[in-house]
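Reader: I've got a model open and would like to talk it through with you. Could we go through some of its contacts and packing together?

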Amino acid sequence: MKTVKQGDSGEEIAILNNALTQAGYTVKDDLTFTPELRETVISFQQQQGLEPDGIVGYDTWEALLLGGESEATELVDEDFRRGAMLLDCETAALRAVQEVESGSCQGFVAPGKPTILFEGHIFWAQLKKRGIDPAEHAAQNSDILYPSWNKGHYRGGIKEYDRLERARAIDREAADASASWGMFQVMGFNFAACGEKSVESFVAAMQQSARSQLKLFVRFIYRGKLLPALQRKEWATFARYYNGPQYAQNHYDVKLAKAYSKYAR
């Protein structure tokens, strides 16, 4: 969403008025950002623990569009629409990423357990990053610890947690950083790009709800190099940044384009 402030006008002000109304505030049906509207925005920002500057930037838009408590484990159409509004992209583009990354399922494989995929080659690198020699643990853990990507070790679904727990026994933080999480399969080592202070807080947020997973994903896209590619539907570029240089082996770009076409209809 475009940043708006006092004196601005246009469609964004109508969206702002509607979002504030849904949040319980009384605002005038106006397409101009008035001084009165600024005071209402400041009140909302104070309530949300945001900087009370009266300017509606990303953080305020996120609180307005994706805020509120939710324990739902699935997203509804309105969630996707609001996430797309935050990123100024098509709703069909967001749906395409979700479908390709987690298939027909949503973001959880069991209560409190987000969909994950554990990456043993990432675990190798994450251990080394923390000063732990992965080779010392590899002999008894060949299916969770290996230097190069190997999809043959994937178990899928709830069985991925068996692999994760064994990795956690070696080093919990490195293990959690080495899994992709939620319906959009964001890697744990990207916690900072998702607005989280630690891998631990990232995982806790992933466990909260489907909407929380959506918020983390939208932040990740917004703060990184991925947004222009998603907005332009440049699927090969998006897949390379999102899935790594080996994306073509799994035809991620082709799958994304096909899923987008389905939802765009």
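**Salt bridges, helices and a small set of strands**

Author: Let's start with a side chain: K262 has a relative accessibility of 39%, so it counts as partly exposed. Bear in mind that this is a predicted model.

Reader: Which residue does the side chain of K262 meet in a salt bridge?

Author: K262 sits in helix 14 (residues 252-264), and its partner is in helix 5 (residues 91-102), 163 residues apart, so to speak of distant parts of the chain is fair. The partner is partly exposed because its relative accessibility is 23%. The N to O distance is 2.6 Å, and the residue is E99.

Reader: How many salt bridges does the structure hold?

Author: The K262 pair is one example, with its side chains meeting at 2.6 Å, N to O. Another is a network that links E62, E196 and R219. For the structure, the count of salt bridges is 14.

Reader: How far apart in sequence are the parts tied together by E173 and R130?

Author: These two form a salt bridge, with 2.8 Å between the closest N and O atoms. E173 belongs to helix 9, whereas R130 is in the loop between helix 6 and helix 7, so the pair ties together parts whose separation in sequence is 43 residues.

Reader: And is R130 buried or partly exposed?

Author: Its partner E173 has a relative accessible area of 44%, which makes E173 partly exposed. Buried would need a value under 20%. R130 comes out at 27%, so the label is partly exposed.

Reader: What about D176 and R168: is D176 buried or exposed?

Author: D176 and R168 form a salt bridge, and their closest N and O atoms are 2.7 Å apart. R168 has a relative accessible area of 13%, so R168 is buried. For D176 the figure is 5%, and with the cut-off at under 20%, D176 is buried.

Reader: Moving on to helix 6, which of its residues are buried?

Author: Helix 6 covers residues 120-129. Its buried residues pack against strand 3 (116-118), helix 7 (135-138), helix 8 (160-170), helix 9 (172-177) and strand 5 (186-187). The residues in question are G120, I122, F123, W124, Q126 and L127.

Reader: Which residue just after helix 6 takes a positive phi?

Author: Look just past the end of helix 6, where phi is about 80 degrees. The residue there is G131.

Reader: How are helix 2 and helix 3 oriented to each other?

Author: Helix 2 spans residues 35-48 and helix 3 spans residues 58-66, and their axes come within 11 Å. The axes cross at roughly 80 degrees, and 65 to 115 is the range that counts. The two helices are therefore roughly perpendicular.

Reader: Which residues of helix 3 meet helix 2?

Author: On the helix 2 side, the residues are F44, Q45 and Q48. By class, this contact has three nonpolar, three polar and no charged residues. On the helix 3 side, they are T60, A63 and L64.

Reader: Which strands are at the edges of the open sheet?

Author: The sheet has three strands in the order 3-4-5, with antiparallel pairing. An edge strand pairs on one side only, and that holds for strand 3 and strand 5.

Reader: Last one: what is the bridge partner of W181?

Author: Strand 4 (residues 179-181) pairs with strand 5 in the antiparallel sense, over two bridges. The partner of W181 lies in strand 5 and is V186.

Key: Residues are numbered from 1 along each chain as its sequence is written. This is a predicted model: local features need pLDDT of at least 70, side-chain atom pairs count only at pLDDT 80 or more; totals for chains, interfaces and linings use all residues. Side-chain values use heavy atoms; hydrogens and water are left out. Buried means under 20% relative accessible area, exposed over 50%, partly exposed in between (1.4 Å probe, protein chains only). Helices (H or I, at least four residues) and strands (E, at least two) are DSSP runs, numbered from the N terminus. Contact means heavy atoms within 4.5 Å. Axes are lines fitted to C-alpha atoms, for helices over the stretch in contact, and angles run from 0 to 180 degrees between N-to-C directions. Angles under 35 degrees count as roughly parallel, over 145 as roughly antiparallel, 65 to 115 as roughly perpendicular and the rest as oblique. Ala, Val, Leu, Ile, Met, Phe, Trp, Tyr, Cys and Pro count as nonpolar, Asp, Glu, Lys and Arg as charged, and the others, Gly among them, as polar. Two strands pair if DSSP finds at least two bridges between them. A salt bridge is a side-chain nitrogen of Lys or Arg within 4 Å of a carboxyl oxygen of Asp or Glu.
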